[in-house]
Structures are given as C-alpha cells and as structure tokens.
Amino acid sequence: MSKPADANDECVGPESEQAGKASSCAGCPNQSSCASGEGPKAPEVDPAIASAMARVKQRVLVLSGKGGVGKSTFSTQLAYGLARRGLKVGLLDLDICGPSIPTMLGLQGREVHQSNSGWSPVFMDVQSDEDAPEEGELCVMSIGFLMPDSDSAVIWRGPRKTGLISQFLGSVDYGELDYLVVDTPPGTSDEHISIVQLLKPCFGPTDGAVVVTTPQEVAMADVRKELNFCKQTGINVLGIVENMAPMKLPFDNLSFFNTSGKDCTEDTLKELKEKCPSIYEQMRISVDVFPRAGGGPEKMAKVFDVPYIGQVPLNRELQNACDRGDPSHLSGENYLPIRNVVQHVIDRTNPTLLEEKKRAALEEKKVENTGKSGVVSIQGGKMFM
Ligand code: SF4
C-alpha cells in the first residue's frame with residue numbers, strides 16, 4: 001500500500017505494525033484509522049473535480065525536482081505537441097507563483113471568463129501535423145490570466161493555493177479532452193500534496209507523471225526525491241525526460257575565430273562548404289553544456305525502474321519559439337525530439353487513440369462522400385441518383 005499524500009514525512013507505512021502508533025504518526029490525519037488497522041482513510045473525491053475529470057481521457061502531470069530545468073517549456077511543448085498530432089488537449093499551469101506558460105504561448109493579456117458552466121479557458125490555434133487525423137485543439141488555464149499584469153507577484157499561503165488548485169481542476173470548463181497536461185511547480189511542496197490529494201482519486205491506471213531533469217547531479221539529486229514522492233504516493237511514472245541535453249548545431253550556427261581572436265566565420269564556412277559539402281550539409285556539432293553525472297538520467301531511470309523517454313536537446317529554435325510565444329515554428333530535426341516524447345506519452349497512456357481517431361475521420365469522410373454522390377433529385381415523380 002503506498003503512503004497517502006497527506007501522511008507525515010516519516011510515515012512507517014500503513015501496512016506496518018507500527019502504523020498509527022509510531023511517534024512519527026503523531027498529528028497525521030490518518031492516525032486513528034491506521035491504529036485501528038483499517039488503514040488510511042480513502043481520499044475524498046471532490047464531486048466537481050470528479051465530474052470535470054470524467055470528461056478527460058488522460059491526465060499527465062509534469063514534475064521536476066528542481067527549478068530551472070525547463071519544465072514549463074517542456075509542458076508547453078508536450079501539450080502543443082499532443083495537439084499537433086490532432087488531439088484535444090488542455091494545459092493547466094499550476095505554477096502559481098511563477099506562471100510562465102501564457103508568455104510561452106503568446107497568450108499574455110488574454111482573459112478567462114466565467115459562465116454558467118464555469119471558467120472558460122483560453123483557446124489557441126494549433127498548426128496540426130500533416131499526418132494528424134483531425135485538427136488538434138489546445139486550451140490553457142493559468143493564474144497568469146487572472147493577474148493584472150505579468151509583473152504582479154502572487155504571495156499566497158498553502159490553503160489559498162489549495163483552494164485555487166481545486167477551482168482550476170473542478171471549476172474550469174475544459175470540455176471533452178483527450179489529454180490534460182498539468183504543469184506543476186518544482187519540488188515536492190504543499191502544491192504537490194494538494195494536486196495528489198485532489199487529482200489522484202480521479203486517476204485511471206494509465207494516468208501518471210512525466211519527470212523532467214537535466215543531466216547534472218544537482219538536478220538529478222532533486223529528481224530522485226521526486227521519484228520517491230511518486231513511489232510513496234502511488235503515482236505512475238510514465239517516464240523521465242532528459243531536458244537541455246547536448247545541443248546539436250549545424251555549421252552555419254557557429255562562429256570561427258583565428259588564434260589572434262579575429263572573426264573568420266565567413267571565410268571558414270565558405271571553405272568548408274566548397275571542400276566538404278556533405279559534412280557541411282549533413283553533419284551536426286554536439287555541444288555538451290551541462291556536465292553529465294554518473295550514467296546520467298538514463299541510468300537513474302534504470303535504478304528506479306521507470307522508463308527513460310529520451311533527450312530533448314538545448315535548442316535555439318525552441319528558445320526562440322518560447323520567447324516569441326509561438327510554438328508552431330518548431331519543425332524538422334528541431335521538432336523530432338518533442339514528437340518522440342509525445343509519441344512515448346501516447347504509447348504509454350492510450351496507444352490506440354490516434355488509430356481510433358484516424359478510423360473515425362475516415363468513416364466521417366466516407367459518409368460525407370456518400371452524401372455527395374448520393375444526392376437524390378426528383379423529376380416528374382421519378383428518382384434519379
Ligand atoms: S498514521 Fe498511517 S498514514 Fe499517517 S504517518 Fe502513520 S502510518 Fe503513515
């Protein structure tokens with residue numbers, strides 16, 4: 001039995017003989033039920049959240065142990081990437097003290113409105129991939145939409161944050177979604193406990209978390225705590241993403257200097273292009289920005305027995321897309337790592353979804369075509385097809 005999200009830090013485990021009796025159980029809300037042998041109280045399901053989540057096929061949390069690993073950038077790309085594949089996606093920004101997603105998607109200044117069915121999130125256009133079964137959709141909810149301006153600070157204590165998280169989960173009209181991607185703040189703080197308490201009771205067997213890290217030990221040390229948090233609270237880890245992995249640059253992104261410090265980029269690139277055109281065109285230079293600790297995130301995934309999803313390299317085009325607030329321009333080799341991550345998430349959560357949508361789109365087309373070719377005209381009491 002996993003440790004309940006509201007258990008004390010030093011929980012001995014509800015199945016332990018000491019459950020509810022150990023000194024570390026003092027003050028735990030489950031103390032009396034654990035001591036009586038009943039085990040921790042089943043988490044209460046908020047009816048509003050249960051009803052909103054019943055309209056969502058899959059829920060994916062994006063977690064990172066540490067700030068600065070590009071978690072919100074990744075969440076944005078994951079949500080937009082799922083929508084590019086022709087899916088209906090909601091992106092919920094729960095980084096209450098540092099909401100950056102509206103900026104990354106170019107949605108600053110947009111407002112959310114309240115209607116009878118709850119708050120309406122902000123919808124944005126999606127440029128779907130050519131092989132997508134239908135046009136994707138992306139709607140976004142963030143505290144950033146409720147702030148007077150992007151420089152305003154949110155200085156809230158735990159209960160107020162919990163109240164807002166509960167409203168964002170239960171009082172927003174996301175509609176029917178294939179995926180809800182939830183961007184969480186870094187660490188394992190109050191917000192995480194609230195998210196797990198409120199959302200976990202609505203989790204299906206394939207819902208879970210993608211954990212984002214960079215390859216340095218300082219980031220991985222915190223991610224190990226995050227992985228233990230998932231284990232203790234029974235959250236299924238869909239995989240670990242190695243973000244900000246070595247950059248892979250084409251030659252024309254580089255500058256060249258001679259030993260006296262003179263910039264000779266133009267001449268060098270010209271010579272390279274003339275003498276080694278295939279190297280110039282087809283090779284990429286890998287730049288390792290962060291030191292790689294031990295076996296890196298891949299080894300950490302093996303140790304924790306969770307899937308290693310792969311690398312998302314540091315990428316100038318990706319950073320530009322976030323700064324410009326336009327994720328649609330990521331293409332070709334720059335888009336591939338994100339598309340691979342998106343495919344992994346689909347494979348781990350709902351592997352037949354795209355095929356089902358393709359089949360449904362095909363059926364719809366057939367019906368449309370049949371309708372067109374089967375137009376019936378009646379002339380002089382006779383039917384002509
Ligand atoms: S009372 Fe139960 S859930 Fe709470 S800390 Fe003790 S063993 Fe864990």
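## The nonpolar cores

In this predicted model, the largest nonpolar core holds 78 residues, and the members that touch the most others are Val62, Val89 and Val181. Val89 gives a good view of how this core is put together. Setting aside residues within four places in sequence, Val89 contacts Ala79, Leu82 and Ala83, then Gly136, Glu137 and Leu138, and finally Leu177, Asp178, Tyr179 and Val181. Another core lies apart from the largest one; six residues form this second core, including Cys11, Cys25, Cys28 and Cys34.

As general background, nonpolar side chains tend to be buried together in soluble globular proteins.

## Around the ligand

Those four cysteines come up again at the ligand. The ligand is surrounded by 15 residues, and Ala7, Cys11, Cys25, Cys28 and Cys34 are the closest. Sorted by class, this shell has ten nonpolar and five polar residues, with no charged residue.

## Domains and overall layout

Three domains divide the chain: domain 1 covers 1-42, domain 2 is made of 47-246 + 289-354, and domain 3 spans 249-285. Between the C-alpha centres of domain 1 and domain 2 the distance is 31 Å. Where these two meet, four residues of domain 1 contact seven residues of domain 2. On the domain 1 side of that meeting point, two residues are charged, one is polar and one is nonpolar.

Taken as a whole, the chain has 14 strands and 13 helices, and its C-alpha trace spans about 95 × 80 × 45 Å along the principal axes. Of the 385 residues, 38% are buried. Among contacts with a separation of 6 or more, 76% join residues that are 24 or more positions apart.

## Gly325, Met244 and Asp305

Gly325 is a nice residue to pick out on screen. Gly325 sits in the loop between α11 (316-324) and α12 (332-349), and it touches Thr103, Met104, Leu105 and Gly106 when residues up to four places away in sequence are not counted. With Met104 the C-alpha to C-alpha distance is 4.4 Å, although 221 residues separate the pair in sequence. Gly325 counts as partly exposed because it has 15 C-beta neighbours inside 10 Å, a count that falls between the limits of 12 or fewer for exposed and 20 or more for buried.

Two residues other than glycine have a positive phi worth a look. Met244, in strand β9 (residues 237-245), has a phi near 55 degrees. Asp305, in the loop between α10 (296-304) and β12 (308-313), has a phi of about 55 degrees. Their surroundings can be read from the neighbour counts: Met244 is buried because 23 C-beta neighbours lie inside 10 Å, while Asp305 is exposed because it has 9 other C-beta atoms within 10 Å.

## Where to trust the model

The mean pLDDT of the chain is 87, and 92% of the residues reach 70 or more. Confidence is highest in strand β7 (residues 177-183), at a mean of 97. Leu177, Asp178, Tyr179 and Val181, the contacts of Val89 named earlier, carry residue numbers that fall in this strand.

At the other end of the scale is strand β14 (residues 382-384), where confidence is lowest, at a mean of 45. The pLDDT is below 50 over residues 375-385, and this stretch has six contacts in the model beyond near neighbours in sequence.

How values were computed: Residues numbered from 1 in each chain as written. Domains from an automatic or database assignment. Nonpolar A, V, L, I, M, F, W, Y, C, P; charged D, E, K, R; others polar. Near = placed C-beta within 6 Å. Helix = DSSP H or I, 4+ residues; strand = E, 2+ residues; numbered from the N terminus. pLDDT = per-residue confidence, 0-100. Core = buried A, V, L, I, M, F, W, Y, C linked by C-beta atoms within 7 Å.
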